[in-house]
Amino acid sequence: ADTMELKGTLKGHTGSVASIAWNHDGSLIASGSYDNTVMLWDPKTMQEKGTLSGHNGYVLSVAWSQNGSLLASGSSDCTVRLWTPDGQERGTLTGHTGYVLSIAWSPDGALLASAGVDETVRLWTPHGSKKGTLTNHSDIVRSVAWNHDGSLLASGSDDKTVRLWTREGEEVGILSKTTLFVASWWKLDAETKKLAAKVDEKCATVEGSRGLYTVTSRADMVVVLMFNKDGRKWRVVACFRAPSRVRSVSCTETKHISVVVRCEDGQVSACVSWVCP
């Protein structure tokens with residue numbers, strides 16, 4: 001079996017190190033610290049390449065853009081700062097009213113997301129322009145992360161939810177422990193190719209097990225998940241907001257799998273469908 005070997009220790013900070021990040025080609029490491037600084041390091045020589053001073057509080061998060069042209073740092077001084085690889089400050093992003101706990105660049109480097117104690121997620125351009133403030137969380141937002149193609153942003157909060165957002169800042173999904181499992185199946189009925197399930201006050205499942213597909217609902221938000229065969233990994237197939245609280249779901253399988261959600265006020269939501277694997 002492979003073993004890990006200590007290659008070196010980077011010393012220079014005078015406070016706890018809160019965050020570290022490699023750049024795109026592995027030529028630089030950035031570290032953020034409770035000493036209010038960001039330090040840049042050469043992992044080959046183990047030498048410091050620069051100390052970035054400017055924050056007036058703990059540096060709690062650092063993140064490189066995809067091509068390594070910009071480094072972002074989030075701080076307890078309620079700001080996000082942008083830096084070049086040679087340590088020049090490019091700008092200060094202001095708007096948060098509490099500690100900035102997490103930052104993340106979209107894969108294309110066109111958007112930077114930041115989150116913090118003020119219960120918001122904020123979107124910025126690389127030039128420092130504000131693109132939006134996402135306010136649906138009801139407690140501290142501790143983490144943000146983009147999906148592989150940058151079409152969705154996830155945010156995690158002390159309100160016990162993970163929320164999904166588009167690049168435009170629209171909320172399209174919410175995942176929480178209290179989510180209702182509306183329907184779950186491996187294969188729909190062999191003869192009718194259909195499935196139907198109702199939602200009671202607590203939850204409703206089909207045969208009480210999580211199958212390949214699961215439709216979940218919390219109030220009026222609906223998320224369709226597809227799991228791998230061992231049920232450990234999943235991805236969002238579709239997510240949308242229904243006209244009102246979800247009461248039942250019906251599914252049909254032909255060449256496509258279609259899901260229709262019915263609401264407690266009698267309305268029928270838009271049908272979502274996808275090709276069977």
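How many salt bridges does the count come to in this structure? The model is a predicted one, and the count comes to five salt bridges.

Before turning to these pairs, it helps to look at the chain as a whole. Its secondary structure comes to zero helices and 24 strands, and buried residues make up 50% of the 277 residues in the chain. The accessible surface comes to about 14600 Å², of which 49% belongs to carbon and sulfur atoms. Among the contacts with a separation of 6 or more, 36% are accounted for by residues 24 or more positions apart.

Side chains of opposite charge can pair when their charged atoms come close. The table lists some of the salt bridges, with the distance from N to O.

| Arginine | Acidic partner | N to O distance |
|---|---|---|
| Arginine 81 | Glutamate 89 | 2.8 Å |
| Arginine 122 | Aspartate 118 | 3.6 Å |
| Arginine 163 | Glutamate 171 | 3.1 Å |

Are the residues of these pairs buried or exposed? Arginine 81 has a relative accessible area of 11% and is therefore buried, because buried means under 20%, whereas its partner glutamate 89, with a relative accessible area of 35%, is partly exposed. In the salt bridge between aspartate 118 and arginine 122, aspartate 118 is buried with a relative accessible area of 14%, and arginine 122 also counts as buried, at 13% relative accessibility. Glutamate 171 and arginine 163, whose side chains meet in a salt bridge, are both buried.

Note on methods. Residues numbered from 1 in each chain as written. Predicted model: local features only at pLDDT ≥ 70, side-chain atom pairs only at ≥ 80, totals over all residues. Heavy atoms only, no water. Salt bridge = Lys/Arg side-chain N within 4 Å of Asp/Glu carboxyl O. Buried < 20%, exposed > 50% of the residue type's maximum accessible area, 1.4 Å probe, protein only. Helix = DSSP H or I, 4+ residues; strand = E, 2+ residues; numbered from the N terminus. Contact = heavy atoms within 4.5 Å. Areas by Shrake-Rupley, 256 points an atom, 1.4 Å probe, with all protein chains shown as cover.
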